[in-house]
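Opening the notebook on this chain. I want the overall build first, then the odd backbone spots, then a handful of single residues.

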Amino acid sequence: MDDNTLEVTLLGTGSPIFVPGRYSISTLIRAGDNYLLFDCGRGASIRLHETGLHPGHINKLFLTHLHSDHVVGIPDFYISGWFTTYGRRQGPLRVWGPEGSAAMMSNLDSAFEFDEGVRAAEMKIHHNANKTHDIEPGVIFEEDGIRVTAFYVDHRPISPALGFKVEFAGRSVVLSGDTRPTDSVIKHGAGADLLIHEVICGDKDNAPEPEQFERIIAHHTTPQQAGDIFTKAQPRLAVYSHIVLLTGADSRMLEHQTRETYGGPLLVGEDLTRITIGNEITTERLS
Ligand SMILES: [Zn+2]
């Protein structure tokens with residue numbers, strides 16, 4: 001294994017909307033021998049399993065914000081990771097997230113107290129607990145040549161909401177988290193190898209509830225706006241994940257609208273797309 005590999009696997013590329021084949025947001029980054037998980041949406045553990053990994057193999061989780069579609073997969077990921085069958089996580093699950101993350105993880109421990117008791121008594125399996133940090137913007141992780149920087153994005157009224165920049169071996173990946181167009185993403189994403197951005201796309205004229213439609217769109221980034229961000233940041237590869245396709249929208253419309261403002265390399269993410277960053281950036285779809 002090349003120890004300087006920076007590799008991104010899109011585990012889930014969707015939103016709260018139930019879409020078979022597109023689970024909610026979760027992104028796995030491998031930097032050398034280290035695995036870092038960003039957000040843990042619906043089905044994250046199943047997708048991990050499909051890559052040949054288990055929850056217990058991963059002990060670093062970074063949260064952009066506490067919207068349910070970004071955290072709803074944590075109980076499964078957290079608890080299954082204790083099982084020998086699923087990798088038997090050594091030591092606590094380390095979690096970094098915005099204010100409220102430590103309280104949420106502590107409440108999860110309370111919620112699964114029964115399970116902890118039963119397994120401890122019957123199978124001598126003990127939950128290894130978690131070590132969760134409520135973080136502020138800045139460098140929040142620096143180990144084994146990996147640096148993770150958190151920055152504020154604008155997902156109001158959901159606040160705080162964070163984006164992340166991951167740097168390793170001279171390469172970088174930026175994750176926008178959920179945000180309306182924000183300068184901090186352009187600043188941190190400028191010249192990055194990958195800029196992974198959220199996007200929302202819909203046909204307003206055919207929306208059943210136009211007011212609700214407008215309200216949802218206002219918290220997010222349209223394809224034209226994302227294209228403008230990609231044009232300004234000039235990543236080597238622009239990637240969409242956390243793809244919200246509202247009524248009447250599809251991937252073709254998404255790409256078409258992005259092309260109104262951006263002509264560079266673009267990947268519309270699918271679950272289990274793996275992107276390897278080297279002198280070339282290669283992509284493959286794990287089956
Ligand atoms: Zn959100």
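Before anything else, a term I need for placing loops: helices (H or I, at least four residues) and strands (E, at least two) are DSSP runs, numbered from the N terminus. With that settled, I put Pro160 in the loop between β8 and β9. I also note that this is a predicted model.

**Entry 1: overall build**

I went through the secondary structure and got nine helices and 15 strands for the chain. The radius of gyration comes out at 19 Å, close to the 19 Å from the globule rule for 287 residues, so I call the chain as compact as a globular protein of that length. I then took the spans of the C-alpha trace along its principal axes, and they are about 60 × 45 × 35 Å.

How much of the chain counts as buried? I get 54% of the 287 residues. For contacts between residues at least 6 apart in sequence, I find that 64% join residues at least 24 apart.

On the surface side, the chain exposes about 12500 Å², and carbon and sulfur atoms supply 50% of that. I tallied charges too: 25 positive and 38 negative side chains. The centres of those two sets lie 3 Å apart.

**Entry 2: the core**

I looked up the largest nonpolar core and it has 28 residues. Phe38, Phe62, Val148, Phe164 and Leu194 have the most contacts inside it. Which strand gives this core its largest share? It is β9 (residues 162–168), with four residues. A reminder to self: nonpolar side chains tend to be buried together in soluble globular proteins.

**Entry 3: cis peptides**

Back to the loop where I put Pro160. The peptide bond from Ser159 to Pro160 is cis, and I read omega near 0 degrees. Pro157 is also in the loop between β8 (146–152) and β9. The bond leading into Pro157 from Arg156 is cis as well, with omega near 10 degrees. I'm flagging both bonds, Arg156 to Pro157 and Ser159 to Pro160, for my own record.

**Entry 4: positive phi outside glycine**

I pulled up Asp144, where phi is near 50 degrees, a positive value in a residue other than glycine. Asp144 sits in the loop between β7 (138–143) and β8. Is Asp144 buried or exposed? Its relative accessibility is 57%, and the cut-off for exposed is over 50%, so Asp144 counts as exposed.

His242 isn't a glycine either, yet I see a positive phi of about 60 degrees there. This one belongs to strand β12 (residues 237–245). The relative accessible area of His242 is 3%, so I log it as buried.

**Entry 5: Gly14**

From His242 I went to Gly14, since His242 is on the contact list of Gly14. Gly14 is in the loop between β1 (6–12) and β2 (26–31). It's buried, with a relative accessible area of 1%. Skipping neighbours within four places in sequence, I find Gly14 in contact with Arg22, Tyr23, Ser24, Ile25, His242 and Ile243. I also checked Gly14 against Asp178: they are 164 residues apart in sequence and 12 Å apart in space, C-alpha to C-alpha.

**Entry 6: Arg47 and His54**

Arg47 is in helix α1. Its relative accessibility is 8%, so I have Arg47 down as buried. Beyond four places in sequence, Arg47 touches Leu11, Gly21, Arg22, Tyr23, Asp271 and Leu272. I looked at Leu11 in particular: 36 residues from Arg47 in sequence, with the C-alpha atoms 5.5 Å apart.

Further along, His54 is in the loop between α1 (44–50) and β4 (60–62). How does a value of 18% place His54? Buried is under 20%, so His54 makes it into that class. Not counting residues up to four places away, I list Leu48, His49, Thr85, Tyr86 and Gly87 as touching His54.

**Entry 7: Glu136**

My last lookup was Glu136, in the loop between β6 (130–134) and β7. With a relative accessible area of 56%, Glu136 is exposed. Which residues is Glu136 in contact with, leaving aside neighbours within four places in sequence? I get Ala150 and Tyr152. Glu136 and Ser184 are 48 residues apart along the chain, and I have their C-alpha atoms separated by 14 Å.

How values were computed: Residues are numbered from 1 along each chain as its sequence is written. This is a predicted model: local features need pLDDT of at least 70, side-chain atom pairs count only at pLDDT 80 or more; totals for chains, interfaces and linings use all residues. Side-chain values use heavy atoms; hydrogens and water are left out. The radius of gyration is taken over C-alpha atoms; the globule rule is 2.2 Å times the number of residues to the power 0.38. Buried means under 20% relative accessible area, exposed over 50%, partly exposed in between (1.4 Å probe, protein chains only). Contact means heavy atoms within 4.5 Å. Accessible areas come from the Shrake-Rupley method with a 1.4 Å probe; for residues, only the protein chains shown count as cover. Lys and Arg count as positive and Asp and Glu as negative; His and the chain ends are not counted. The place of a charge is taken as NZ of Lys, CZ of Arg, CG of Asp or CD of Glu. A nonpolar core is a set of buried Ala, Val, Leu, Ile, Met, Phe, Trp, Tyr and Cys residues joined through side-chain atoms within 4.5 Å.
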